[in-house]
Structures are given as structure tokens and as C-alpha cells.
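Here is my note on the model. Please read it with the structure open.

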Amino acid sequence: MVVMGHIMGPFGILGWVKVNTYTEHVDRLLDYSTWWLGTENDAWQQMQVITGHINGNTLNAKLKECIDRTQASQLKGMQIAIPRDQLPALPENGESGYYWSDLIGTEVVNLANEKLGKTIGFYETGANDVLRVQQSNGNKKEILIPFIEQAVIKVDLKEARITVDWGLDY
């Protein structure tokens, strides 16, 4: 399973959910008629997607199994995954040899080998994508780093590490 987003909470009163996607394009999850919902400790449950639409930087979706706001509220925090074999094949070599979801949880260090924190997500801004890093110093503050060639030096999936040209004090 590849985690592609999570449910932020209900949207409206008719069982719609608000989704934070980890995909390059917000509506990309709508390419899949079946989502698998779960958490790190739960088994994945299949849910059928009826429809959805973009709402700013989030996705609103209607799931067949969710008929009212109460049921939608119970899905808050659930991860949304798609089986890896249903995803488009990645190029063998090149900069796009991973999905954003593959980077969630990776350690982020700078060129001085200082630990900045862990990757918790991405923002799509239009101009460039932005890496969201939860600081590792116990502070709940996020570090936002442009996901561009000048700032992101290396992505090492084997070591679960992203090396950036970014200071602790930026």
C-alpha cells in the first residue's frame, strides 16, 4: 500500500470528507474508484469513491460507505492508500523515481549534517512544491523548504534521508 493522503475531517452534513493529498496534483486521488483507509495500527478497509472535487488545496470526496457527518467524523485522521501495483510505473532512473508518499517520515538533514526533522508532507504552490518538515528538537514548529534543485540536494530512499541546502535558522 502507498499512502496517498489522509482524511482531515468531515465536509458538510451529507457524509463528504475533506482530504489532504500527498499527490502532485490535488485531484489525482480521484483517478482511483477504490481507496483503502486505515492507520498504522489498523487493517486497511476498502471504500468506494462516488465523486469528489478540488476545494482550494484540499480534496472533498463522497464515499459510498459514508452517509452522514457522524460517519465522516469517524474517519478523521485515517490514511488513504492505493495498492502499489495500481499506481503508474515510475521511471527506472531520474528525479521522479519516487512518490511523495515514499518520502513521508524520511529524515531531513542539511549539508552540515544537522538534523532538521522528519518529512510530514508537501504543499503544491503552483510555482514549486514545498517540503514540510516537523522539527526534531521537540518544537512543534514546521520548517518549509522549497522542493527545488537548489535546496534539495539528494533524496536517498534506501537511507530514508533527504539532504538539503538549508540552515537551522532559516
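**Notes on the predicted chain**

1. Asn113 is exposed, because its relative accessible area is 51%. The cut-offs are these: buried is under 20% relative accessible area, exposed is over 50%, and partly exposed lies in between, with a 1.4 Å probe and protein chains only. Asn113 sits in the loop between strand E7 (107–110) and strand E8 (115–124). Its phi is near 65 degrees, a positive value in a residue other than glycine. Most residues other than glycine have a negative phi.

2. A word on the basis. This is a predicted model, in which local features need pLDDT of at least 70 and side-chain atom pairs count only at pLDDT 80 or more, while totals for chains, interfaces and linings use all residues. Residues are numbered from 1 along each chain as its sequence is written, and side-chain values use heavy atoms, with hydrogens and water left out.

3. What is the order of the elements from the N terminus on? The order is β-β-β-β-β-α-β-α-β-β-β-β-β-β. That gives 2 helices and 12 strands in the chain. Helices (H or I, at least four residues) and strands (E, at least two) are DSSP runs, numbered from the N terminus.

4. Overall dimensions. The chain has a radius of gyration of 17 Å, which agrees with the value near 15 Å for a compact globule of 170 residues. The radius is taken over C-alpha atoms, and the globule rule is 2.2 Å times the number of residues to the power 0.38. The C-alpha trace spans about 50 × 35 × 35 Å along its principal axes.

5. Burial and surface. Of the 170 residues, 41% count as buried. The accessible surface of the chain comes to about 9,800 Å². Carbon and sulfur atoms hold 48% of that surface. Areas come from the Shrake-Rupley method with a 1.4 Å probe; for residues, only the protein chains shown count as cover.

6. Contacts along the sequence. Take the contacts between residues at least 6 apart in sequence: 48% of them join residues at least 24 apart. Contact means heavy atoms within 4.5 Å.

7. Charges. The chain has 15 positive and 21 negative charges, and their mean positions are 7 Å apart. Lys and Arg count as positive and Asp and Glu as negative; His and the chain ends are not counted. Each charge is placed at NZ of Lys, CZ of Arg, CG of Asp or CD of Glu.

8. Strand E6 (residues 79–82) deserves a look. It runs antiparallel to strand E1 (residues 2–11), with 4 bridges between them. Here His6 has Gln79 as its bridge partner. E6 is also antiparallel to strand E3 (residues 34–38), through 3 bridges. In this pairing Leu37 is matched with Ile80. Two strands pair if DSSP finds at least two bridges between them.

9. The E11 and E12 hairpin. These strands run antiparallel and are joined by 4 bridges. Val155 has Ile162 as its bridge partner in E12. The hairpin has 4 residues between the strands, and Ala160 takes a positive phi near 55 degrees there. Ala160 lies in the loop between strand E11 (152–156) and E12. Is Ala160 buried, exposed or partly exposed? Ala160 is partly exposed, because its relative accessible area is 33%.

10. Thr163 lies in strand E12 (residues 161–164). Thr163 counts as buried, because its relative accessibility is 17%. Which residues touch Thr163, leaving aside its neighbours within four places in sequence? The contacts are Val109, Asn110, Leu111, Ala151, Val152, Ile153 and Lys154. Thr163 and Leu116 are 47 residues apart in sequence, and their C-alpha atoms are 9.8 Å apart in space.

11. Gln150 is in the loop between strand E10 (142–146) and E11. With 59% relative accessibility, Gln150 counts as exposed. Gln150 and Trp166 are 16 residues apart in sequence and 9.7 Å apart in space, C-alpha to C-alpha.

12. Gly126 is found in the loop between E8 and strand E9 (129–135). Its relative accessible area is 70%, so Gly126 is exposed. How far apart are the C-alpha atoms of Gly126 and Gly9? They are separated by 25 Å, with the two positions 117 residues apart along the chain as the sequence distance.
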